[in-house]
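Please open the structure in your viewer and keep the selection panel at hand. At each stop of this tour you will be told what to select and what can be found there.

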Amino acid sequence: MAASASSTILFSSKSSRASLSWKNQLASTSALGISGVSLRRSSSHRQFVVFSMDAKPTVLVAEKLGEAGLNLLKEFANVDCSYNLSPEELCTKISLCDALIVRSGTKVSREIFESSGGRLKVVGRAGVGIDNVDLAAATEHGCLVVNAPTANTVAAAEHGIALLTAMARNIAQADASVKAGKWLRNKYVGVSLVGKTLAVMGFGKVGSEVARRAKGLGMHVIAHDPYAPADRARAIGVELVSFDEALASADFISLHMPLTPATKKILNDETFAKMKKGVRIVNVARGGVIDEEALVRALDAGIVAQAALDVFTVEPPPKDSKLIQHDNVTATPHLGASTMEAQEGVAIEVAEAVVGALKGELSATAVNAPMVPAEVLSELKPYVVLAEKLGRLAVQLVAGGSGVKSVKVTYGSARAPDDLDTRLLRAMITKGLIEPISSVFINLVNADFTAKQRGLRIAEERILLDGSPESPVEFIQVQIANVESKFASAISDSGEIRVEGRVKDGVPHLTKVGSFEVDVSLEGSIILCSQVDQPGMIGKVGSVLGEENVNVSFMSVGRIAPRKQAVMAIGVDEQPSKESLKRIGEIPAIQEFVYLKL
Ligand SMILES: NC(=O)C1=CN([C@@H]2O[C@H](COP(=O)(O)OP(=O)(O)OC[C@H]3O[C@@H](n4cnc5c(N)ncnc54)[C@H](O)[C@@H]3O)[C@@H](O)[C@H]2O)C=CC1
Ligand SMILES: O=C(O)C(=O)COP(=O)(O)O
């Protein structure tokens, strides 16, 4: 969708935040905190209008991307297509980019995230395998990684079948010999596929499409995949077997698992020794799943009769590579995804994911963040704001030097437990808890990581409420245990700092502080005062603020009983001066007070 001034989102916020950058601003309304839009105050005094396009984000496309994808990106962002950058050049450029799009040829290393200075918020992989992206570093830096997992499946499967058939009939070698003026009909006698056993290693999207096609060629297909459901395999007439069984019974082995620490060099001297003599191997997965030196030994020993390889540990492989030069090896330069159709498809798939992420939407193809469907996100939006603000309030109630380690979040909801996804809410509470006391930028991607890194344990509890589950959450309560509070009345009967809130008419409200019921809209900032309940208190505090022209938006008093201990919550639009706050503290009946920024 083209961004335009008419694409507006209204949300409640107050003036103190209006001067912040768009990235920080949107942090409170976008789950990812990365939307590329800016803010302008509207005529309605309590709302800001979010206008897209004031500052277009910049997307660096570091490898060739299909035209349709580029066009989608250009509608929303400044697009810099710079191919063949050295790692150093990429590190230099990245600090000016909000998103980076790559294929398999670019190493997106930790240095790139470090060099980005926090600006890089999305890495888009225009393809499936994300082994070239340092996912841990991306997560630590709060950078979302998205891929294009579906558009090149058929292309990769077709290339696997092309290699299988070409290898069996020596097509590449025979072609080269004819072009060299030879006519070697006896040398290039091949082997038939029909009736042979093909072991598909990795029965995911590509593997299952290869299996389907191989069955059409009359092959007996078995598969090994520890995570694939047996009924999906059975549905296309494929038997799932153990790793060793697959190796021992296969005439052909086709590799389709991702490169992970568990699959690295999964074919090695030991596993080649378990194969049938004369086995033939196809690899369109990743070079790293084979120990390439061991493969050369297995080829020389005749254990492996032939190999057809599209991928290599180092790409491009060295010219004098024994593997590439081997007579019984057919090689292609990582062409699995390289069809016109697949390249247009992945370009659109990745561009949509990157633009969506830059707009602050959660992606269905996120690799390092929970995927939250759009309808869930839109329903949770006000609760996301509530969650962050409760976290912000709770942490500001902690006395200096206390060290927050243990937080309990309670969600009161009439929804069945599996009908409420709290990951987003937990992430935003974490954001609220950590951002006011550190310089770390937190979003859905790095919230859990950052909490863990800081030794912050966040326990969640659900209270199942009676009634209609129309709203996803009735209340959220945040409790911080084992800390002192700078506002003693915020300590609950059970000894923790406690704040609780609800969404009312789409606006988040603070409804409980410690054991005191209050009701104040979570906008602007809040002053909490504790006093013995008596007439005239609201007037006294209000007049101190009024003298300084600080607008009071809400006031609410929560008390245990008339004329007993009470907590007054006052919402203010502007920040009162230190002098005014001091004067509030000096009002004789006020026992303690705290000023909290939202
Ligand atoms: N040569 C090329 O141009 C292309 C290569 N690829 C490669 O193919 C791989 C597979 O792609 P998709 O099928 O789309 O991914 P996928 O995620 O749908 O399938 C991968 C399958 O491997 C399985 N797996 C994981 N660990 C395994 C293990 N130890 N042993 C056996 N199976 C294991 C998973 O359970 C999953 O079912 C990608 O990761 C990528 O590296 C994909 C597209 C193009
Ligand atoms: O999608 C994949 O995993 C691939 O290997 C395709 O790589 P490419 O985008 O062609 O560099």
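Begin by selecting strands E16 (406-413) and E17 (residues 457-464), which pair in the parallel sense over eight bridges. Helices (H or I, at least four residues) and strands (E, at least two) are DSSP runs, numbered from the N terminus, and two strands count as paired if DSSP finds at least two bridges between them. One bridge to look for joins valine 407 to its partner in E17, isoleucine 458. Of the eight residues of E17 the number buried is zero, so this strand lies largely in the open. Here a residue is called buried if 20 or more other C-beta atoms lie within 10 Å of its own, exposed if 12 or fewer, and partly exposed in between, with C-beta atoms placed from the backbone.

Before going on, note that this is a predicted model, in which local features need pLDDT of at least 70 and side-chain atom pairs count only at pLDDT 80 or more, while totals for chains, interfaces and linings use all residues. Residues are numbered from 1 along each chain as its sequence is written, and chains are lettered from A and ligands numbered from 1 in the order in which they are written.

Next, select arginine 415, which is found in the loop between strand E16 and helix H16 (423-434). Is arginine 415 buried, exposed or partly exposed? It counts as partly exposed, because it has 18 C-beta neighbours inside 10 Å. Not counting residues up to four places away in sequence, arginine 415 touches Leu420, Pro469 and Pro472, where a contact requires that the C-beta atoms of two residues, placed from the backbone, lie within 7 Å. Add serine 468 to the selection: its C-alpha atom is separated by 8.2 Å from that of arginine 415, although the two are 53 residues apart along the chain.

Now move to strand E19 (residues 497-504), which is mostly covered, with seven of its eight residues buried. Strand E18 (residues 475-481) pairs with E19 in the antiparallel sense over five bridges, and valine 478 has valine 499 as its bridge partner in E19. Strand E20 (507-513) also runs antiparallel to E19, joined to it by six bridges, one of which can be found between arginine 502 and histidine 509. E19 and E20 form a hairpin with two residues between them, and aspartate 505 in the turn has a positive phi of about 50 degrees.

To see the wider layout, colour the chain by its domain assignment, which gives domain 1 (58-147 + 343-359), domain 2 (152-331), domain 3 (372-514) and domain 4 (522-597); such bounds come from an automatic or database domain assignment. The centres of domain 3 and domain 4, taken over C-alpha atoms, are separated by 24 Å, and 14 residues of domain 3 are in contact with nine residues of domain 4. On the side of domain 3 that touches domain 4, the elements that give two or more residues are helix H15 (374-396) and strand E20.

The next selection is an open sheet of five strands in the order E5-E4-E6-E7-E8, with parallel pairing. Its edge strands, each of which pairs on one side only, are E5 (78-81) and E8 (144-147). Select E7 (residues 122-125), which pairs with E8 over four bridges in the parallel sense, and find the bridge between valine 123 and valine 145. E6 and E7 also pair in the parallel sense over four bridges, with alanine 99 standing opposite valine 122. Both faces of E7 are covered, since Val122 and Gly124 on one side and Val123 and Arg125 on the other are all buried.

Finally, add helix H14 (residues 340-358), which lies across E4, E6, E7 and E8 and runs at about 170 degrees to E7. Such axes are lines fitted to C-alpha atoms, for helices over the stretch in contact, and angles run from 0 to 180 degrees between N-to-C directions. The largest nonpolar core has 163 residues, and those with the most contacts inside it are Leu100, Ile101, Val354 and Leu528; the largest share of this core, eleven residues, comes from H14. A nonpolar core is a set of buried Ala, Val, Leu, Ile, Met, Phe, Trp, Tyr and Cys residues joined through C-beta atoms within 7 Å. As a last selection, take isoleucine 101, whose contacts beyond four places in sequence include Val59, Leu65, Val350 and Val354.
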